[in-house]
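Hi,

Here is the structure I promised to send over. Have a look at it first, and then read on for my notes.

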Amino acid sequence: SDQSIYGFRGAVASNLDRFEEDFSPCNTILLLENYRSSGRITKGASAVVSKVLGRQRKDILAIKDEGLPIGVLSCLNEESEATAVAKQVEKYVKSGKVKASEIAVMYRKNSQSRSLESAFIKFNIPCFVMNGMQFFKRKEVADLIFYLKFIENPNDFVALKRIVGVPNRGIGEKSLENLFNFASNDECSFIE
């Protein structure tokens, strides 16, 4: 039943549970050594999955040291959760016990990446999203940021150049160049 997380791919956990019955006699070899996680993470995960009814008992052995303590965090909303996570990461990195490159933050749904990335940016913590698109690098988000930059500063030619074609308005490089030259010669903004 450990593999039930693959149900979305069509896996049926009961196939594993019935394997020894269906293919008797057979030898079961349990893979009990965990090379990635610390001892505390391994013990914590084992404690959680041990509550699953009908699950075959396994005692996983961590090859790494005990690691940092596992904590429980209760927050009011997504933003306060992200801020608390960023503060904890900052604390670990500043303590010198852990390098930033050794920290991973896992979340259930892609929409959570926005608040986490925002909090990490706020605390000046470098981050990247594995197997996904960083929120602020998504085209539609970047376009919106450039729109806001241009609203704030109508003389921002870089922002104008980015947004002038979103949505497509048929304004090309040559037209933009002419606009820039005209505005520069007449000492006025692009809007004027």
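Below is what I found, starting with how the values were made and then going through the chain by topic.

A bit of housekeeping first. This is a predicted model, so I kept local features only at pLDDT of at least 70 and side-chain atom pairs only at pLDDT 80 or more, while totals for chains, interfaces and linings use all residues. Residues are numbered from 1 along each chain as its sequence is written, and side-chain values use heavy atoms, with hydrogens and water left out.

**Overall layout**

The chain has 7 helices and 2 strands; both kinds of element are DSSP runs numbered from the N terminus (helices are H or I with at least four residues, strands are E with at least two). In sequence order the pattern reads α-β-α-β-α-α-α-α-α. Out of 192 residues, 20% count as buried. For burial I used relative accessible area with a 1.4 Å probe and protein chains only: buried is under 20%, exposed is over 50%, and partly exposed is in between.

**Salt bridges**

There are 3 salt bridges in the structure, each one being a side-chain nitrogen of Lys or Arg within 4 Å of a carboxyl oxygen of Asp or Glu.

Take Arg-114 and Glu-79: their closest N and O atoms are 2.6 Å apart. Arg-114 sits in helix 4 (residues 112-122) and Glu-79 in helix 3, so this pair ties together parts that are 35 residues apart in sequence. Both ends are partly exposed, Arg-114 at 26% relative accessibility and Glu-79 at 40%.

Then there is Lys-43 with Glu-66, where the closest N and O atoms are 3.3 Å apart. Lys-43 belongs to helix 2 (residues 39-49), and Glu-66 to the loop between strand 2 (61-62) and helix 3 (78-95), so here the parts tied together are 23 residues apart in sequence. Lys-43 is exposed at 52% relative accessible area, whereas Glu-66 is partly exposed at 36%.

Finally, Glu-90 pairs with Lys-94, with 3.6 Å between the closest N and O atoms. These two both lie in helix 3, 4 residues apart, which is about one turn of the helix. Glu-90 is partly exposed at 23%, and Lys-94 is exposed at 65%.

**How helix 3 and helix 4 pack**

The axes of helix 3 and helix 4 are 8 Å apart and make an angle of about 45°. The axes are lines fitted to C-alpha atoms, over the stretch in contact for helices, and angles run from 0 to 180 degrees between N-to-C directions. That makes helix 3 oblique to helix 4 (under 35 degrees is roughly parallel, over 145 roughly antiparallel, 65 to 115 roughly perpendicular, and the rest oblique). The crossing of helix 3 and helix 4 is right-handed, meaning the near helix is turned clockwise from the far one by less than a right angle; anticlockwise would be left-handed. The Arg-114 to Glu-79 salt bridge joins these two helices as well.

**Around strand 1**

Leu-32 lies in the loop between helix 1 and strand 1 and is partly exposed at 29%. The C-alpha atoms of Leu-32 and Ile-60 are separated by 4.6 Å, although the residues are 28 apart along the chain. Asn-34 is in strand 1 and is partly exposed at 22%. From Asn-34 to Ile-63 the C-alpha distance is 6.1 Å, with their positions 29 residues apart in sequence.

Ile-63 turns up again in a nonpolar surface patch of about 320 Å², together with Tyr-35 and Leu-61. Patches take residues with over 30% relative accessible area and no salt bridge, joining like charges within 9 Å and nonpolar side chains (Val, Leu, Ile, Met, Phe, Trp, Tyr) within 5 Å; areas are Shrake-Rupley with a 1.4 Å probe, and for residues only the protein chains shown count as cover. Tyr-35 is in the loop between strand 1 (33-34) and helix 2, and is exposed at 53%.

**Backbone oddities**

Most residues other than glycine have a negative phi, and most peptide bonds are trans. Two spots to look at here:

- Ser-24 and Pro-25 are joined by a cis peptide bond, with omega about -5°. Pro-25 lies in the loop between helix 1 (13-22) and strand 1.
- Asn-124 is not a glycine, yet its phi is positive, about 60°. Asn-124 is in the loop between helix 4 and helix 5 (139-152) and is exposed at 68%.

Cheers
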